[in-house]
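Student: I'd like to practise reading a model with you. Could we go feature by feature?

Tutor: Sure, let's put it up.

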Amino acid sequence: MTFPDVFEFLLRGDFDDDCDVDGYDLAEFAFDFRRTDCDLGERCEGYFDTDLDVGGSDLAVFAPNFGITECPVCE
Ligand SMILES: [Ca+2]
Ligand SMILES: [Ca+2]
């Protein structure tokens, strides 16, 4: 089953998997924003790169998707 990985790739920032990037997803992102321990403990929501933190470079990935209300793979 590779579908979930493709799905996540297509709409990064949709942390609750409901095919949009809205305020709920923003709340998830904001909760982990500024974490620097993404190699430890709980998974960092919003950790899109490989620098072990949730910071500006991750926000740059999340921000363009914010406001999308349907993902490309949804009917
Ligand atoms: Ca969502
Ligand atoms: Ca980062």
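Student: What pattern does the protein chain follow, read along the sequence?

Tutor: The pattern is α-α-α, with 3 helices and 0 strands in the protein chain. Helices (H or I, at least four residues) and strands (E, at least two) are DSSP runs, numbered from the N terminus. Before we go on: this is a predicted model, where local features need pLDDT of at least 70, side-chain atom pairs count only at pLDDT 80 or more, and totals for chains, interfaces and linings use all residues. Residues are numbered from 1 along each chain as its sequence is written, while chains are lettered from A and ligands numbered from 1 in the order in which they are written.

Student: How do I read burial, and what percentage of the residues in the protein chain is buried?

Tutor: Count neighbours: a residue is buried if 20 or more other C-beta atoms lie within 10 Å of its own, exposed if 12 or fewer, and partly exposed in between, with C-beta atoms placed from the backbone. Here, buried residues make up 17% of the 75 residues in the protein chain.

Student: Let's try Ser57. Is Ser57 buried or exposed?

Tutor: Ser57 is exposed, because its count is 12 other C-beta atoms within 10 Å. You'll find Ser57 in helix 3, which covers residues 56-62.

Student: And which residues does Ser57 touch, leaving out those up to four places away in sequence?

Tutor: A contact means that two C-beta atoms, placed from the backbone, lie within 7 Å. By that rule Ser57 touches Asp49 and Asp51, not counting residues up to four places away in sequence. Tyr47 is 10 residues from Ser57 in sequence, and their C-alpha atoms are 9.2 Å apart.

Student: What share of the contacts spans a long stretch of sequence, at least 24 residues?

Tutor: Take the contacts between residues at least 6 apart in sequence: 37% of them join residues at least 24 apart. For a C-alpha distance across the sequence, try Ala63 and Arg12, which are 51 residues apart along the chain and separated by 9.8 Å. Ala63 sits in the segment after helix 3 and is partly exposed, since 14 other C-beta atoms lie within 10 Å.

Student: Now backbone angles. What is the phi of Asp17?

Tutor: Asp17 has a positive phi of about 55 degrees, although it is not a glycine. Look for Asp17 in the loop between helix 1 (3-10) and helix 2 (23-32). Its 12 other C-beta atoms within 10 Å make Asp17 exposed.

Student: And Cys19?

Tutor: Cys19 isn't a glycine either, yet has a positive phi of about 70 degrees. Cys19 lies in the loop between helix 1 and helix 2, and counts as partly exposed because it has 16 C-beta neighbours inside 10 Å.
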